[in-house]
Protein chains: 2
Amino acid sequence: MEYMNQALAQAKIAFDRDEVPVGAIVVDTQTNKIIAIAHNLCEELNDPTAHAELLAIRTACNIIGSNKLPYCDLYVTLEPCPMCATAISFARIRRLYFASYDLKSGGVEHGPKIFSSSSIHHIPEIYGGIKESEAGLLMKDFFQQKRSIFNKSDIKK
Amino acid sequence: MEYMNQALAQAKIAFDRDEVPVGAIVVDTQTNKIIAIAHNLCEELNDPTAHAELLAIRTACNIIGSNKLPYCDLYVTLEPCPMCATAISFARIRRLYFASYDLKSGGVEHGPKIFSSSSIHHIPEIYGGIKESEAGLLMKDFFQQKRSIFNKSDIKK
């Protein structure tokens, strides 16, 4: 639970920076230490691939010195999209823990269900719904705020 | 065809650097200029996400100063995997041209068929099979060489 709290703290930082509030951390299970923390940075970095999971995986790989992380677990506040789910497979992540389910853009339990594809090379153990309501509320607040700003600017026109 | 030749030249550089031989370029269709060239760098960078397409998209976004590339086309020597296909959608790439089909790990015509998912936000125009045999031969040579090295080291044991 503590690791997901850390991921949620990252999601809150993303919220305050006007990024979609998703946070992720990578834990090295051999030492039980967090080796990467990240949150979405797509807007700030002008990078559509800068999802929390991808940034955390890239940082962890850099620290470990390998493009495989078989002893690492990933904690993320939202069900990974198909891009991130595939990257999780490439990185050979041991366990994936996520908070909210993403009915619209998720790629694990929804959409193309990446880990159910016959062509997938590695499937992590998957645990969804951890601290789901807290993470979900953050997302809801974010998009409500976005819609409110959009509607106000629409009225001005 | 010239743009795919440039992508193939990148794939050959990857081959020589012992990376899976895939090359990609991004063309700004407003100027008809190549704004990003890349090849796989997963081994060198210790980054499982360093596929040619992702690197090319990130470079192009950085140059354009936006996380969307609606006026850009992507040329890549192999059918994109599900990670790259999703990134292509996020980046709002206008047209995707690819060479070889990837029966084993592709995510466009094979596997989870990302652009056929009901949850996909943007689908580019897709043209597959351009200079297919040249790109396919490069991949075949690469993996034959890998198997040969693997077998030789196996005999030594």
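## A walk around two paired helices

Select helices α3(A) and α3(B) to begin: the two are roughly antiparallel to each other, because angles over 145 degrees count as such. Their axes cross at roughly 150 degrees and come within 8 Å. Keep in mind as you look around that this is a predicted model.

**Stop 1: where the two chains meet**

Stay with this pair and turn the view until one helix lies in front of the other. The crossing of α3(A) over α3(B) is left-handed. Now show side chains. From α3(A), the contact is made by P82(A), M83(A), T86(A), A87(A) and F90(A), and from α3(B) by P82(B), M83(B), T86(B), A87(B) and F90(B). Colour these residues by class and you will find eight nonpolar, two polar and no charged. For the pattern along each helix, recall that an α-helix has 3.6 residues a turn, so residues three or four places apart point the same way.

**Stop 2: the whole of α3 in chain A**

Next, select residues 82–90 of chain A, which form α3. How many residues of α3(A) are buried? Nine of its nine are, leaving the helix mostly covered. You can click through them: P82(A), M83(A), C84(A), A85(A), T86(A), A87(A), I88(A), S89(A) and F90(A). To see what these buried residues pack against, display α2, β3 (72–78) and β4 (95–100) of chain A, together with α3 of chain B. Just after the helix, pause at R92(A), whose phi is positive, near 60 degrees.

**Stop 3: a recorded binding site**

Stay in chain A and select H51(A), C81(A) and C84(A), which UniProt lists for "binding site" in an unreviewed entry. They gather at one spot: although they span 34 residues in sequence, no two of their C-alpha atoms are more than 9.2 Å apart.

Zoom in on H51(A), in the loop between β2 (33–39) and α2 (52–64) of chain A. Is H51(A) buried or exposed? With a relative accessible area of 15%, H51(A) is buried, because the cut-off is under 20%. Leaving aside neighbours within four places in sequence, H51(A) is in contact with N40(A), C42(A), C81(A), M83(A) and C84(A), and also with F90(B) from the other chain. Show F90(B) as sticks here; you met F90(B) at the first stop, in the contact between the two α3 helices.

Then move to C84(A), which belongs to helix α3 of chain A. C84(A) is buried too, with a relative accessible area of 0%. Not counting residues up to four places away in sequence, C84(A) touches H51(A), E53(A) and L54(A).

**Stop 4: a recorded active site**

That contact list leads to E53(A), which UniProt lists for "active site" in an unreviewed entry. E53(A) lies in helix α2 of chain A and is buried, with a relative accessible area of 3%. Which residues does E53(A) touch, not counting those up to four places away in sequence? Select V22(A), A24(A), L74(A), V76(A), L78(A), P80(A), C81(A) and C84(A). Two of these names, C81(A) and C84(A), also appear in the binding-site record.

**Stop 5: over to chain B**

Now cross to α3(B). Nine of the nine residues of α3(B) are buried, so this helix is largely enclosed by the rest of the structure. What covers them includes α3 of chain A, together with α2, β3 and β4 (95–100) of chain B. The residue to check after α3(B) is R92(B), where phi is positive, near 60 degrees.

Add α2(B), residues 52–64, to the view: its axis and that of α3(B) come within 9 Å and cross at roughly 25 degrees. The two helices are therefore roughly parallel to each other, the cut-off being under 35 degrees. α2(B) passes α3(B) in a left-handed crossing. On the α2(B) side, select E53(B), L54(B) and I57(B); they meet M83(B), C84(B), A87(B) and I88(B) in α3(B). By class, that contact has six nonpolar, no polar and one charged residues.

**Last stop: a loop proline**

Finish at P70(B), in the loop between α2 and β3 (72–78) of chain B. P70(B) counts as partly exposed, at 39% relative accessibility. Draw a C-alpha to C-alpha distance from P70(B) to L54(B): the pair are 16 residues apart in sequence and 16 Å apart in space. Beyond its neighbours within four places in sequence, P70(B) is in contact with A91(B), R92(B) and R94(B). R92(B) is the residue with positive phi from the previous stop.

Methods:
Residues numbered from 1 in each chain as written. Chains lettered and ligands numbered in written order. Predicted model: local features only at pLDDT ≥ 70, side-chain atom pairs only at ≥ 80, totals over all residues. Heavy atoms only, no water. Axes fitted to C-alpha atoms, helices over the stretch in contact; angles between N-to-C directions. Helix = DSSP H or I, 4+ residues; strand = E, 2+ residues; numbered from the N terminus. Parallel < 35°, antiparallel > 145°, perpendicular 65-115°, else oblique. Left-handed = near helix turned anticlockwise from the far one by under 90°. Contact = heavy atoms within 4.5 Å. Nonpolar A, V, L, I, M, F, W, Y, C, P; charged D, E, K, R; others polar. Buried < 20%, exposed > 50% of the residue type's maximum accessible area, 1.4 Å probe, protein only. UniProt positions renumbered as here; feature names shortened; annotations may be inferred.
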